[in-house]
Amino acid sequence: MSVDFEPLRKILELEQKKGYVDSAVIGGLDRFLRNWAGQAVESIANPRLLKHFHHLINASYASLTKQQRKEWVNSVLDLVGEAAGAEGDEAKPPEKVTAPLARIKKTPAAGKLSSPVRGYSIDSPITIVKGISSSLATKFGKLGLKTVRDLLYFFPHRHLDYSQVKFISQLSEGEEQTIMANVWQAGVTRLGYRRGTEAIVGDETGNVRVVWFNQPYLAKRLPTNTRIVLSGRVTLFKGRHVFESPEWEFVEDKDLIHTGRLVPVYSLTQGLRPRQVRKLMKEVVDQWAWQVEDFLPSELRKRRDLLELPQAISQAHYPEDEVAKDKARVRLAFDELFVLQLGVMSRKHDWQESQPDSAFNVNSTLLENFIKSLPFVLTAAQQKVLKEILADLQKPQPMSRLLQGEVGSGKTVVATAALLLAVANGYQGAFMAPTEILAEQHFVTVGELLSRAGNLEEEEPYLRSYSGILPRPLTVALLIGDISQARKQELQQRILEGDIDIVIGTHALIQKGVEFRQMGLAVVDEQHRFGVTQRSALRQKGFKPHMLVMTATPIPRTLALTLYGDLDLSVIDELPPGRQVVKTKWLKPWQRDSAYAFLRKQVASGRQTFIVCPLIEESEAIAAQAAVVEYQRLSEGVFPDLRLGLLHGRLSSDEKDEVMHRFRAGELDILVSTPVVEVGIDVPNATVMLIESADRFGLSQLHQFRGRVGRGQEQSYCMLLAENPSEVGRERLDIIENVQDGFILAEEDLRLRGPGEFFGTRQSGLPDLRMAKLSDIALLELARNEAIKLFQIDPGLGMPEHRPLAQELARVWPEAGEWS
């Protein structure tokens, strides 16, 4: 077995450069020589050389004079040269400082990777991957990773840049850096109160100390003369550089995984270790990425200069450099947005093309009378939006429109006008809200509007009838979960027979027991709380329904076009005259008492206030004030002389009704509530909104809360309390304090929280976006334009070259028939 004399030669040359002061190795040359010789001399076969080595190495270098050291070093270097020649292993020339990266093997190109396991595919369970046991598979399962495909698309959330390999002499304090070095010595040592590993490593420019806390086992894994790559942060200790607990791996004839490159960082769950996952992911990517079929038409891919899919997946995990990483992200993000666009366009196409003639005749007299009866003049924005809706309703294709407008901008009036038109054309209308409280409020609001346009003729439980609007009485029903079974069946029968013209309700409207005689228009309020599947189910209730979706959550235009590509967009971007700007203030915890004093002062002047808490019950996981506990604390300890009410989602419908009725009637001074007040509750006399744990909410939600006040003539206030907000929480509170424009807040919310949180859980019913950033408008528009172009050529994706794309679409959007 040949001896590697290179470490010894490099150390001795460094000692020459440093002037023979015994500083080439931490701990001195004598210590290094004892370690090195212990392994090396056993491998020297030539007896004469072996004798010389024993003689020279047993000399005490530390006790020699400078001249003696010089002679000794030269003698050993001569001997090293002779020994290397005798062993047939020529001493290597020094490596150039200019190209340290050349020493690290690059990632192999996709297609030349290891062969897959026979008989399996990328849709096989992850347990076919070597190293993934069933218990490990359970841990991966918590991250939603069940198949090999899932693993391939489990992209790192960032990369550590360990790619720039430095020499030890180039190290600087505080940065993440990478070196390639020889282990001179490694041993177990005490670091603080625990045992760890300490090593001295070196290259041709010097040595550096490395410590690993709480990992004494590493000492045995790092024998002297081992070549390793280290990547991590360098600190200063007693004036010398030290690597603290860096990533490391051996220099071998294979890809580096943890060091010396852009190293992936995955979002893990308990029981999964970063090194373990990186190693497994590298094997999965190398073995399986090239099996993923590229579903993009090759003409489109080449024209837009996009990477092939297997290469993009590989480079997304283990990129060769930043350029490759960025190209991979662009390709994968394009895929997501492109498929998303095709999906929503297919949905709109299928729905509109498969429906019979849906055109309404516009009864101008009816609409004019309704608008004249309003106690206010429609804003220019309301008139513009109503015009867009009326234009849609006169077309043979069913309307599919998203109506955006701030809280209080007057969306319900516009929706009521459209519902009236549907009834005048002999159709029924459905009005669906996300909560029972909001459905009941719409029932009241629509009723008030119709009472002004005509007369309340008849009133039964959950049913009202109005005369003087149409030639016949117009009937409106409320259908919610709390109605008695007998009454519910009676209303359902009347809906089926066509006796009821407008049905207002919650998701109860899409239950199987509810059938319409002929639904002509469906209005869905607060769309982002309804999945597209629910929206689709409602659509199926009607013969040829038009669809109007409303939201008070401002959605940035680009996002609306992407996520609601099946909907045309209308915006009420103007508040009615006289609406107040709500003064907003972020209070520190020590200002709580002054906040309560302010509330008391407002109540004393005849106003009412909201106090919002995030949770229903105490939770150790989230230190947020629970409404139930908070209500008891406030009513007993802080405001014992005031009238407090409690509203939360677990109250029955009757209990919620009772509380809201009392609050609206002015019988309660303060309403303590969970976030059920976010949407639609309208109490003009309420002037203060106090939000507990405000840092727990997103900007759009805080803006919705703020919209509950400022609905009357008096100046209103929103106060935000937060005990110990995170950095992002503080940024949110700063923004909401200073910005009133809902659309600007929506953009910021999207930037801070991403689309998943922005829309709340998986409610949107849309495919996950792993790589696409919805802030990347250029890529978004590119994907949209390409989807439109392809859809015009082949809407059914029936051409042979589009079959892989059709399969991918069916996989990502399983509800293939209606695409929703």
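In helix α13, the buried residues are A381, Q382, V385, L386, I389, L390, D392 and L393. They sit on the same side of α13, because the arc they cover around the axis is only 165°. Keep in mind that this is a predicted model. Here's a quick look at that helix and at strand β20, which is mostly covered.

**Helix α13**

- α13 spans residues 380–393, which makes 14 residues.
- From first C-alpha to last, α13 reaches 20 Å, close to the 20 Å expected at 1.5 Å a residue.
- An α-helix has 3.6 residues a turn, so residues three or four places apart point the same way.
- Flip to the face turned away from the buried side and you'll find A380 and K387, both exposed.
- What do the buried residues of α13 pack against? Their partners are α12 (364–373), β10 (400–405), α14 (411–424), β17 (546–551) and β18 (568–572).

**Strand β20: burial**

- β20 runs over residues 608–612, and five of its five residues are buried.
- In a regular strand, side chains alternate between the two faces of the sheet.
- In β20, Q608, F610 and V612 point one way, while T609 and I611 point the other way, and all are buried.

**Strand β20: partners**

- With β23 (residues 686–691), β20 pairs in the parallel sense over five bridges.
- Looking for a landmark in that pairing? T609 has V688 of β23 as its bridge partner.
- β20 also pairs with β22 (residues 670–673), in the parallel sense over four bridges.
- On the β22 side, L671 stands opposite F610.

Key. Residues are numbered from 1 along each chain as its sequence is written. This is a predicted model: local features need pLDDT of at least 70, side-chain atom pairs count only at pLDDT 80 or more; totals for chains, interfaces and linings use all residues. Side-chain values use heavy atoms; hydrogens and water are left out. Buried means under 20% relative accessible area, exposed over 50%, partly exposed in between (1.4 Å probe, protein chains only). Helices (H or I, at least four residues) and strands (E, at least two) are DSSP runs, numbered from the N terminus. Two strands pair if DSSP finds at least two bridges between them. The expected span of a helix is 1.5 Å times one less than its number of residues. The arc is that of the directions from the helix axis to the C-beta atoms. Contact means heavy atoms within 4.5 Å.
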